[in-house]
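User: I am new to this structure and would be grateful for a close look at its empty spaces and at the aromatic rings of its helices. Please define each term as it arises.

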Amino acid sequence: MSEPGSLLRNLAGRTTARNFHSYVISEIGTGIVTGRFPVGSVLPNDALMMVQYGVSRTVLREALKTLEAKGLVEAKPKVGTRVSPRSRWNLFDAQILAWHFNAGSDETFLASLVDVRLALETKAAELAALRRSADHVRTMHYWVNQMENSVGSTENFALADLELHRTIAEASQNPFMRSIGGIVEFALATSFKNLSPIADKEKFETAVKLHREIVLAIEARDAEAAQIYMRKAIRDSAQI
């Protein structure tokens, strides 16, 4: 189990790695997500970027390869490195989501995120109810209790919430469900970003109740109820 800590700082901090390779990836990636390097534009040539970021050609090329693997750019002979259409970006990539988190996402992007969560996490809850083990149930109860005990701390509450969703994905016994952790983390960090544990105490308490109902449904192997409460929890968090 993960130790309590700051989900928001962890997500934002993914872009601040100190080695040159990570630094260049973060700088260019953030520039693409924020529109500083618009879709369809060609990035500055290697010589300019080497000077701008203070790195060698090897470091720059490796960084660009990483960004290409994420779907953000495409290198073409005699053209250069062009920013790819958003439709090619791998939005399941935790680092790309972190850049969106830091840049601030628009309503359309967040609504699309809710659609994905409703499609995937309600199914994960259904499968978890059918396939969970006793250990999974104990871990779920642990994390929902941590949520309840962390109502006064937004960061610890959000982390416990994330770990609960991760456990549900694990209990689904479906490896694809386990890979959506980055999306859930981004969604929770965005939802809790501007909440006050004092002013918004009722919202935190409602979230605890809904998540406890999810766990109880999974424990009872009630797949339909697990889906219903998961759907309610996702929609409720989207309105926070």
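Analyst: The account below starts with the whole chain and then turns to the pocket, the cavities and the rings.

The model is a predicted one, in which local features need pLDDT of at least 70 and side-chain atom pairs count only at pLDDT 80 or more, while totals for chains, interfaces and linings use all residues. Residues are numbered from 1 along each chain as its sequence is written, and side-chain values use heavy atoms, with hydrogens and water left out.

The protein has 12 helices and 2 strands; helices (H or I, at least four residues) and strands (E, at least two) are DSSP runs, numbered from the N terminus. Read from the N terminus on, the order of the elements is α-α-α-α-β-β-α-α-α-α-α-α-α-α. Along the principal axes, the C-alpha atoms fill a box of roughly 60 × 35 × 30 Å. Of the 240 residues, 46% count as buried, where buried means under 20% relative accessible area, exposed over 50% and partly exposed in between (1.4 Å probe, protein chains only). Among contacts with a separation of 6 or more, 72% are made by residues 24 or more positions apart; a contact means heavy atoms within 4.5 Å.

The empty spaces come next. Rolling a probe the size of a water molecule over the atoms shows where empty space is left. On a 1 Å grid over the protein atoms alone, a cavity is a set of points where a 1.4 Å probe fits but cannot get out, and a pocket is an open set with protein on both sides within 12 Å along at least five of seven lines; lining residues have an atom within 4 Å of a point. Grid points are joined across faces, edges and corners, and a volume is the space filled by probe spheres set on the points.

The largest pocket holds about 260 Å³ of space. Its lining consists of 13 residues, and L110, V114, T190, S191 and A238 lie nearest its centre. Two or more lining residues come from each of α6 (107-131), α10 (181-192) and α12 (223-238), with α6 giving the largest share, 6 residues. By class, this lining has 8 nonpolar, 3 polar and 2 charged residues; Ala, Val, Leu, Ile, Met, Phe, Trp, Tyr, Cys and Pro count as nonpolar, Asp, Glu, Lys and Arg as charged, and the others, Gly among them, as polar.

There are also 2 cavities of 30 Å³ or more. The largest cavity has about 80 Å³ of space, and of the 13 residues that line it, D161, A207, H211, A233 and S237 are the closest to its centre. Helices α8, α10, α11 and α12 each give two or more residues to this lining, and the largest share, 4 residues, comes from α12. The lining of the largest cavity divides into 7 nonpolar, 3 polar and 3 charged residues.

The second largest cavity has a volume of about 40 Å³, and its lining is made of E121, A124, H165, I168, A169, I180 and M230. Here α6 and α8 are the elements that give two or more residues, and α8 provides the largest share, 3 residues.

Helices α6, α8 and α10 appear again among the aromatic rings. A pair of aromatic rings is described by the distance of the centres and the angle of the planes. Rings of Phe, Tyr and Trp (its six-membered ring) pair if their centres lie within 6.5 Å; planes under 30 degrees apart count as stacked, over 60 as edge-to-face and the rest as tilted. The structure holds 6 aromatic pairs. One of them is the edge-to-face pair of F109 and F186, at 5.8 Å centre to centre with 85 degrees between the planes. This pair joins helix α6, which holds F109, to helix α10, which holds F186, across 77 residues. Both F109 and F186 are buried.

The ring centres of F157 and F204 are 4.9 Å apart with the planes at 85 degrees, so this pair too is edge-to-face. F157 is in helix α8 (residues 154-171) and F204 in helix α11 (residues 201-219), 47 residues apart. F157 is buried because its relative accessible area is 0%, and F204 counts as buried at 1%. Ring pairs join F157, F192 and F204 in a cluster.

T154, also in helix α8, is in contact with F192, L195, P197 and F204, leaving aside neighbours within four places in sequence. With a relative accessible area of 12%, T154 is buried.
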